[in-house]
Amino acid sequence: MFEDLLRAWDGEHAVIRFDRESGAWLFVCIDSTARGPAGGGTRLRVYPTPADGLADGMRLSHAMTQKMAAADMPRGGGKAVLAVPELPTGDARRRLLLRYGELVASLGGSYRTAGDMNISPADLDVVAEVCPWVYGTTGAGGNSGRGTARGVLHGIRAGLEHVFGSPDLAGRSVLVQGVGAVGYDLTRMLAADGARVLVSDVDPELAASVAAEVGGSVVPPGEAIAAECDVFSPGAVGGILDSESIPRLRCRIVAGSANNQLAAPEDAERLHAAGILYAPDFVVNAGGVLQLLGLEELDWDEAELERRLAGIGDTLRRLYRDAERDGGTPAAAAERLVADRLQQPAAAPGPGLLARPRI
């Protein structure tokens, strides 16, 4: 079932376990430890097949390698996927999380986890009962969504400055696709800065509620790609930008929190040819990584965190300049930045970075 995926993958290793009680497949994919222990969140999701879950974990783990390197953090890239037949609740959910925590603990710190899709800080509290390598619990760095949203906001401003000459959001239209933890925070920040917010989500009641709160408008999910706006900010599942969707876009900038937004590498060229500025996802959505590692291990205070989050915008400005100079795309410039960083030693780790016993 998994052989072809494993043969084609150039990551370091994958741990695969079947959880008989829940019927879930547990995948821990460690893409790279070149810059330090692998870090990345845990995704809980129903997939068409277990192999789809493993493939997702592999893609996401590589994106985490890119994200850590682009943010110049002393970490490699990893990701965990819990591919379940249905989303567990109650005591069944707790038991699954405990068994998953024991799996991560058995890896001895080579993989360190946090939250991702359908995993909350309260869920991570359960994992942390049996595993010391957990970030983003309710009593520590907290929900990384706020850092991710703040970083995306800085990224949107950088895009506006490059395209329109000013980072000012007042009067600019931004469509936020997916208003979960990150998207919700982002809509509030955008509205506070004067943007005209368009809200799209597969949950119509949630979309209506968020739009009402921020004074925005609802766009049905099926119409989000083709909605006219200055900025399209994808924040749900990946792979939505492809040869069919890109010609339908009616925006000038794509900058969002979703991972792996491009269905294929050549889609960066398609966006460029369409005159759309693309903020490489692993650069613009790195704020959650900065938040958790910065606050929990690197002794940052909130002022330092904000300074580092603003640096996401500065990195994107550099990539946009490099792309224009070289006649290429921001995605290609970002790939070069990552390649350079992976050849360099990571910054010296702060206190507790290599060991943080909790249990």
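Helices (H or I, at least four residues) and strands (E, at least two) are taken here as DSSP runs, numbered from the N terminus. The model is predicted, and for that reason local features are reported only at pLDDT of at least 70 and side-chain atom pairs only at pLDDT 80 or more, while totals for chains, interfaces and linings use all residues. Residues are numbered from 1 along each chain as its sequence is written, and side-chain values use heavy atoms, with hydrogens and water left out.

**Stop one: helix 1**

Select Arg-7, which is found in helix 1 (residues 3–8). Its relative accessible area of 67% makes Arg-7 exposed, where exposed means over 50%, buried under 20% and partly exposed in between, with a 1.4 Å probe and protein chains only. If you then add Leu-298 to the selection, the two residues stand 291 places apart in sequence and 37 Å apart in space, C-alpha to C-alpha.

**Stop two: helix 2 and the loop after it**

Go next to Ser-61, whose place is in helix 2. Ser-61 is buried, with a relative accessible area of 0%. Contact means heavy atoms within 4.5 Å, and, leaving aside neighbours within four places in sequence, Ser-61 is in contact with Trp-9, Cys-29, Asp-31, Gly-77, Gly-78 and Lys-79. The C-alpha atoms of Ser-61 and Gly-41, which are 20 residues apart along the chain, are separated by 9.1 Å.

In the loop between helix 2 and strand 4 (76–83), select Asp-72. Asp-72 has a positive phi of about 60° although it is not a glycine, and with a relative accessible area of 35% it is partly exposed. A second residue to set beside it is Asp-299, in the loop between helix 10 (287–296) and helix 11 (302–326). Asp-299 also is not a glycine and has a positive phi, of about 65°, and at 59% relative accessibility Asp-299 counts as exposed.

**Stop three: the second largest pocket**

Now select Asn-260, Gln-261, Leu-262, Ala-263 and Asp-281. The second largest pocket has a volume of about 630 Å³, and of the 29 residues that line it, these five, Asn-260, Gln-261, Leu-262, Ala-263 and Asp-281, are the closest to its centre. On a 1 Å grid over the protein atoms alone, a pocket is an open set of points where a 1.4 Å probe fits, with protein on both sides within 12 Å along at least five of seven lines, and lining residues have an atom within 4 Å of a point. Grid points are joined across faces, edges and corners, and the volume is the space filled by probe spheres set on the points.

Which elements give two or more residues to the lining of the second largest pocket? They are strand 3 (38–45), helix 2 (50–70), helix 8 (267–273), helix 9 (281–284) and helix 12 (330–342), and helix 2 gives the most, with 5 residues.

**Stop four: the nonpolar cores**

Select Ile-156, Leu-169, Val-174, Leu-186, Leu-190 and Leu-316, the residues with the most contacts inside the largest nonpolar core, which has 49 residues. Such a core is a set of buried Ala, Val, Leu, Ile, Met, Phe, Trp, Tyr and Cys residues joined through side-chain atoms within 4.5 Å. Apart from it lies another core, of 28 residues, among them Leu-98, Ile-119, Leu-124 and Trp-133. Returning to Leu-316, and not counting residues up to four places away in sequence, you will find that it touches Gly-155, Ala-158, Ala-279, Pro-280, Val-283 and Val-284. In soluble globular proteins, nonpolar side chains tend to be buried together.

**Stop five: helix 7**

Select Ala-207, Val-210, Ala-211 and Val-214, the buried residues of helix 7 (residues 204–214). Seen down the axis of helix 7, these buried residues fall within an arc of 100°, so they line one face of the helix; the arc is that of the directions from the helix axis to the C-beta atoms. Their packing partners are helix 6 (181–192), strand 7 (196–200) and strand 8 (217–218). On the other side of helix 7, Glu-205 and Ala-212 are exposed.

**Last stop: Ala-236**

Finish with Ala-236, in the loop between strand 9 (231–234) and strand 10 (253–254). At 38% relative accessibility Ala-236 counts as partly exposed, and, not counting residues up to four places away in sequence, Ala-236 touches Gln-177 and Ala-258. Ala-236 and Leu-249 are 13 residues apart in sequence and 17 Å apart in space, C-alpha to C-alpha.
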